[in-house]
Amino acid sequence: IAENTLRKQLPFLRPGLHALREFPADGVLQVPKIHHGFLQGAQKRGAELRLKTSFESLIVEHGKVCGVNTSHGKIRADQVVMAAGAWADPLMRSQGISKPMVSFRRHLLVTEPADWIPKTSPAVWVLGSEFYFRPEHGGFLISACDEFQVNPSEGEIVDPSVMENIRIKMAQWIPDALPLRTVRFWAGMRTFSPDGKM
């Protein structure tokens, strides 16, 4: 993508980028819709959804996992998927399985809407500065791409000091957004294998 093309799309973006690369096939994932889609698809194919049912332990027979014990009894299965996200590592360790996972906290904020923010414009990730922004509900969704290793119990605890880092990067790349009020500021977790490949 040429810089003048990006300037037409994002005239408020400050100069300073040394190179640009476009990924036209990329998009924004709507996580709640994906989650509900998976649930609905699984149920249509015969899966049973059990709410308020907690995992207690794996059922292992002759060295093979063949189900799980839950707070509402046993569920036998040919395959068991451990889908505990940030809690996968301690959960697997409790079952004698060594598959380490590492969780990192990341903060995001959404600004109030502004009429000068285009509703359809590319998401921008400034590498080196590690700054991400895109349109969201008439405002911006912004992240300073922070990564701080945490225990899962601390992953969603907001660190107010990160807000200043976000504002510094806003001042560098989209200073017109600085006067906008923050509508939402939160933290979430991203969990990977230690080599970052999973």
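**Exercise 1. Aromatic pairs.** Find how many aromatic pairs the structure holds, and describe the pair formed by Phe-131 and Phe-133.

*Solution.* The count comes to 8 aromatic pairs, where rings of Phe, Tyr and Trp (its six-membered ring) pair if their centres lie within 6.5 Å. Before going further, note that this is a predicted model, in which local features need pLDDT of at least 70 and side-chain atom pairs count only at pLDDT 80 or more, while totals for chains, interfaces and linings use all residues. Residues are numbered from 1 along each chain as its sequence is written, and side-chain values use heavy atoms, with hydrogens and water left out.

Next, take the pair itself: Phe-131 and Phe-133 lie 5.7 Å apart centre to centre, with 40° between the planes, and the pair is tilted, since planes under 30 degrees apart count as stacked, over 60 as edge-to-face and the rest as tilted. Both residues also belong to one aromatic cluster, together with Phe-12, Trp-116 and Phe-140.

**Exercise 2. Burial.** Decide whether Phe-131 is buried or exposed, and do the same for Phe-133.

*Solution.* Phe-131 counts as buried because its relative accessibility is 0%, the rule being that buried means under 20% relative accessible area, exposed over 50% and partly exposed in between (1.4 Å probe, protein chains only). Phe-133 has a relative accessible area of 1%, so this residue is buried.

**Exercise 3. The sheet.** Work out the strand order of the open sheet, and then follow the hairpin of β1 and β2.

*Solution.* The open sheet has 3 strands in the order β1-β2-β3, with antiparallel pairing; strands here are DSSP runs (E, at least two residues), helices are runs of H or I with at least four, both numbered from the N terminus, and two strands pair if DSSP finds at least two bridges between them. The edge strands, each pairing on one side only, are β1 (55-61) and β3 (73-76).

Turning to the hairpin, 6 bridges join β1 to β2 (residues 64-70), and these strands run antiparallel. Glu-61 stands opposite Lys-64 in β2, and of the 2 residues between the strands, His-62 takes a positive phi near 55°.

**Exercise 4. The second largest pocket.** State the volume of the second largest pocket and identify what lines this pocket.

*Solution.* The volume is about 420 Å³, meaning the space filled by probe spheres set on grid points that are joined across faces, edges and corners. On a 1 Å grid over the protein atoms alone, a pocket is an open set with protein on both sides within 12 Å along at least five of seven lines, a cavity is a set of points where a 1.4 Å probe fits but cannot get out, and lining residues have an atom within 4 Å of a point.

The lining of this pocket has 17 residues, of which Phe-55, Val-68, Ile-75, Val-80 and Val-81 lie nearest its centre. The elements giving two or more residues are β1 and β2, and β2 gives the most, with 3 residues.

**Exercise 5. The cavity.** Determine how many cavities of 30 Å³ or more a search of the whole structure finds.

*Solution.* The search finds 1 such cavity, and about 30 Å³ of space lies in the largest cavity. Its lining includes Leu-109, Met-163 and Arg-167, and α4 supplies the largest share, 3 residues.
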